[in-house]
Amino acid sequence: MAFNIDDIRAGLALGGTRPTLFQVQFTNPVSTDADDVTPFLVRATNLPSSTISPIEIPYFGRKMKIAGDRTFDVWQTTIMNDEDFRIRNALERWHNEINTLQSNLNVRGTSQPSLYKSVATVTQFGKDGNSLRTYRFEGLFPLELSPIDLDWEATDTIENFSVAWAYDYFTIEGDTGTISGV
């Protein structure tokens, strides 16, 4: 029955996962200066999504659908900016070596994407502090560093900026099983 509280309790036997219990870690291949503080200053993100697009096959006015290719959406993070700008500086250096601000060159070399691509992980924790799942992003690099808004009226707050990331694929590890593949 839809209105039975015992059914709801049974459905959430472990009390539900909390969206605040997570940690992000990424490795910057250009500047490791801020890698140690990223778990503390990445304040928001999401668990990744993926889509398998259908391939439609028309036949006598009807369309049959079969599974097509998988695509991965851009992954987003929100980062708190400290006065040392450690993460922002490291990300700007990484971004600049992929495509320099003035000369429009890839300092790392487009023939070797492994020189500018990296990995990141998002770990979701349970209320007991144990890791539930870890999503590992492979072939990661920053697409966009958002502006940092400045405002005389923005008191009692800390600067934040967002990063949009591209990646090749992700794998999942955790108590619910490991999912990976080529």
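Which residue in the turn of the hairpin formed by β3 and β4 has a positive phi? In this predicted model, that residue is Phe60, whose phi is about 50°, and the turn in which Phe60 sits belongs to a hairpin that leaves two residues between β3 and β4.

The two strands of this hairpin, β3 (50–59) and β4 (62–72), run antiparallel to each other and are paired over nine bridges. One pairing that can be followed by eye begins at Glu56, whose bridge partner in β4 is Lys65.

The hairpin strands also contribute to the surface, where Ile55, Ile57, Met64 and Ile66 make up a nonpolar patch whose accessible area adds up to about 330 Å². Both β3 and β4 give two or more residues to this patch. Ile57, which lies in strand β3, has a relative accessibility of 34% and is therefore classed as partly exposed, because that class covers the range between buried, under 20%, and exposed, over 50%.

Turning from the surface to the interior, the reader finds that the largest nonpolar core holds 29 residues, and that the members touching the most other members are Phe26, Trp75, Ile87, Leu91, Trp94, Phe137 and Leu140. At least two residues of this core come from each of β1 (22–26), β5 (75–80), α3 (86–98), β6 (118–125), β7 (131–145), β8 (160–166) and β9 (169–174).

Phe26 offers a way into this core: leaving aside residues up to four places away in sequence, Phe26 touches Ile87, Leu91, Trp94 and Leu140, and its contacts also include Asp35, Thr38, Val42, Val119, Ala120 and Trp165.

Technical notes: Residues numbered from 1 in each chain as written. Predicted model: local features only at pLDDT ≥ 70, side-chain atom pairs only at ≥ 80, totals over all residues. Heavy atoms only, no water. Patch = residues over 30% accessible without salt bridge, like charges linked within 9 Å, V, L, I, M, F, W, Y side chains within 5 Å. Areas by Shrake-Rupley, 256 points an atom, 1.4 Å probe, with all protein chains shown as cover. Salt bridge = Lys/Arg side-chain N within 4 Å of Asp/Glu carboxyl O. Helix = DSSP H or I, 4+ residues; strand = E, 2+ residues; numbered from the N terminus. Buried < 20%, exposed > 50% of the residue type's maximum accessible area, 1.4 Å probe, protein only. Pairing = 2+ DSSP bridges. Core = buried A, V, L, I, M, F, W, Y, C linked by side-chain atoms within 4.5 Å. Contact = heavy atoms within 4.5 Å.
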